[in-house]
Amino acid sequence: MFSLKGNVIRIVGILILIPTIFIFSGCAGTMHAIQNREMSLSAKMSDTIFLDPEILNKNRSVFVRVTNTSDFQEIDFAELLKGKLIAKSFSITNSPSSAGYIIQANLLHMGAEREDLTAEGMLAGGFGGAMGGTRIGSGWTSAIAGATGMGIVGSIAGGIAGSMIHVDTYLGAVDIQVKEISEGAVKGVMKTDAKQGSSTTLQTEKEVKSNFQEYRTRIVVKATQTNINRQKACNAIADRLAMQIVGMF
């Protein structure tokens with residue numbers, strides 16, 4: 001009889017404990033999801049560009065050429081960028097030779113962050129660099145809080161909660177080349193390393209003369225939100241990327 005009573009007490013205790021474990025195991029994740037209910041956007045550049053303010057004041061015509069090699073082809077990034085330049089009192093020209101500035105942009109990536117494709121890795125590659133990379137511990141890195149040591153029941157609870165509510169991160173990256181007209185001739189040397197097979201490299205140099213000074217950078221934008229919508233996230237990222245480019249002028 002005493003043994004039966006003890007078993008009943010243990011069963012009742014377990015029944016009381018189970019919902020408690022569910023509550024506490026999902027608490028941290030739920031709070032994290034609530035904190036990210038609104039979409040947050042952040043942007044960083046691989047290199048800062050300083051344009052000449054005197055030339056900016058004199059030349060307000062811009063030639064824009066945009067390519068999109070990302071998986072998100074639903075947006076016309078060129079028109080988005082042109083619209084923001086016009087709103088800032090620049091005129092768009094179809095003649096690069098008569099422009100005060102030439103903007104060349106390649107939309108490299110637009111999509112979900114992955115373990116092998118992070119904002120930090122993209123930014124570290126710089127203009128024309130690698131797109132891959134793992135987290136490198138900068139302030140941009142975020143982690144979803146969770147509970148450990150709660151046992152099997154806690155793991156099940158977290159799995160159920162995670163399948164319904166999750167904080168997502170989307171990334172956008174663009175390589176930018178800005179050419180600024182110069183009052184004097186600009187001279188330089190273009191170097192090319194062309195691979196020929198697996199073990200041979202052909203190095204060539206070409207003297208370059210131009211009326212434009214060149215600047216290059218990579219811009220990466222990160223969007224984070226609970227149960228993010230892909231279309232809205234990519235549109236918001238593209239808008240912020242365009243704003244960042246125009247912000248240099």
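Strand β2 (residues 61-68) pairs with strand β3 (residues 91-92). The two run in the parallel sense, and two bridges link them. Between β2 and β3 the chain passes through helix α3 (residues 77-87). This β-α-β crossover is right-handed. One bridge can be named: Val62 has Ile92 in β3 as its partner. Keep in mind that this is a predicted model.

## The overall plan

How many helices and strands does the protein have? There are six helices and six strands. Read from the N terminus, the order of elements is α-β-α-β-α-β-β-α-α-β-β-α. The protein has 249 residues, and 35% of them are buried. Its accessible surface is about 14,700 Å². Carbon and sulfur atoms own 56% of that surface.

Contacts also say something about the fold. Take the contacts with a separation of 6 or more. Of these, 80% come from residues 24 or more positions apart.

## β2 and its other partner

β2 also pairs with strand β4 (residues 101-112). Here too the sense is parallel, and the pairing has seven bridges. Look for Phe63, which stands opposite Ile102 in β4. Then find Arg65, which stands opposite Gln104 in β4.

Is β4 enclosed or open? Of its 12 residues, 10 are buried, so β4 is largely enclosed by the rest of the structure. In a regular strand, side chains alternate between the two faces of the sheet.

Ser61 lies in β2. Its relative accessibility is 17%, so Ser61 counts as buried, the cut-off being under 20%. Which residues does Ser61 touch, leaving aside its neighbours within four places in sequence? They are Ser91, Thr93, Ser98, Ala99, Gly100 and Tyr101.

## Ser70, past the end of β2

Ser70 sits in the loop between β2 and α3. Is Ser70 buried or exposed? Ser70 is buried, because its relative accessible area is 6% and the cut-off is under 20%. Leave aside its neighbours within four places in sequence, and Ser70 is in contact with Leu107, Leu108, His109 and Met110. The side chain of Ser70 also has a polar atom 3.2 Å from the backbone nitrogen of Phe72.

Ser70 also shows how the chain folds back in space. Ser70 and Gly172 are 102 residues apart in sequence. Their C-alpha atoms are 8.9 Å apart.

## Arg114, past the end of β4

Arg114 is in the loop between β4 and α4 (119-125). The side chains of Arg114 and Asp116 are joined by a polar contact of 3.0 Å. Arg114 and Thr169 are 55 residues apart in sequence. In space, C-alpha to C-alpha, the distance between Arg114 and Thr169 is 8.8 Å. Arg114 is partly exposed, with a relative accessible area of 42%.

## Loop residues compared

The table sets out four loop residues by place and accessibility.

| Residue | Loop | Relative accessible area |
|---|---|---|
| Ser70 | between β2 and α3 | 6%, buried |
| Ser89 | between α3 and β3 | 57%, exposed |
| Arg114 | between β4 and α4 | 42%, partly exposed |
| Asn227 | between β6 (200-226) and α6 | 38%, partly exposed |

Two of these residues deserve a second look for their backbone angles. Most residues other than glycine have a negative phi. Ser89 has a positive phi, near 70 degrees. For Asn227, phi is near 50 degrees, again a positive value in a residue other than glycine.

## Helix α6

After the loop that holds Asn227 comes α6. Helix α6 covers residues 230-246, 17 residues in total. What distance does α6 reach from its first C-alpha to its last? The reach is 24 Å, close to the 24 Å expected at 1.5 Å a residue.

The N-terminal end of α6 has a cap, Asn229. A side-chain oxygen of Asn229 lies 3.1 Å from the backbone nitrogen of Gln231.

Which residues of α6 are buried? Among them are four alanines: Ala233, Ala236, Ala238 and Ala242. Cys234 is buried as well. So are Ile237, Leu241, Ile245 and Val246.

Technical notes
Residues are numbered from 1 along each chain as its sequence is written. Side-chain values use heavy atoms; hydrogens and water are left out. The expected span of a helix is 1.5 Å times one less than its number of residues. Buried means under 20% relative accessible area, exposed over 50%, partly exposed in between (1.4 Å probe, protein chains only). A polar contact is a pair of N or O atoms within 3.5 Å; within protein, one must be able to donate a hydrogen and the other to accept it, and residues adjacent in sequence count only if both atoms are side-chain atoms. Two strands pair if DSSP finds at least two bridges between them. A crossover is right-handed if, with the strands pointing away from the viewer, the path from the first strand over the helix to the second runs clockwise. Contact means heavy atoms within 4.5 Å. Accessible areas come from the Shrake-Rupley method with a 1.4 Å probe; for residues, only the protein chains shown count as cover.
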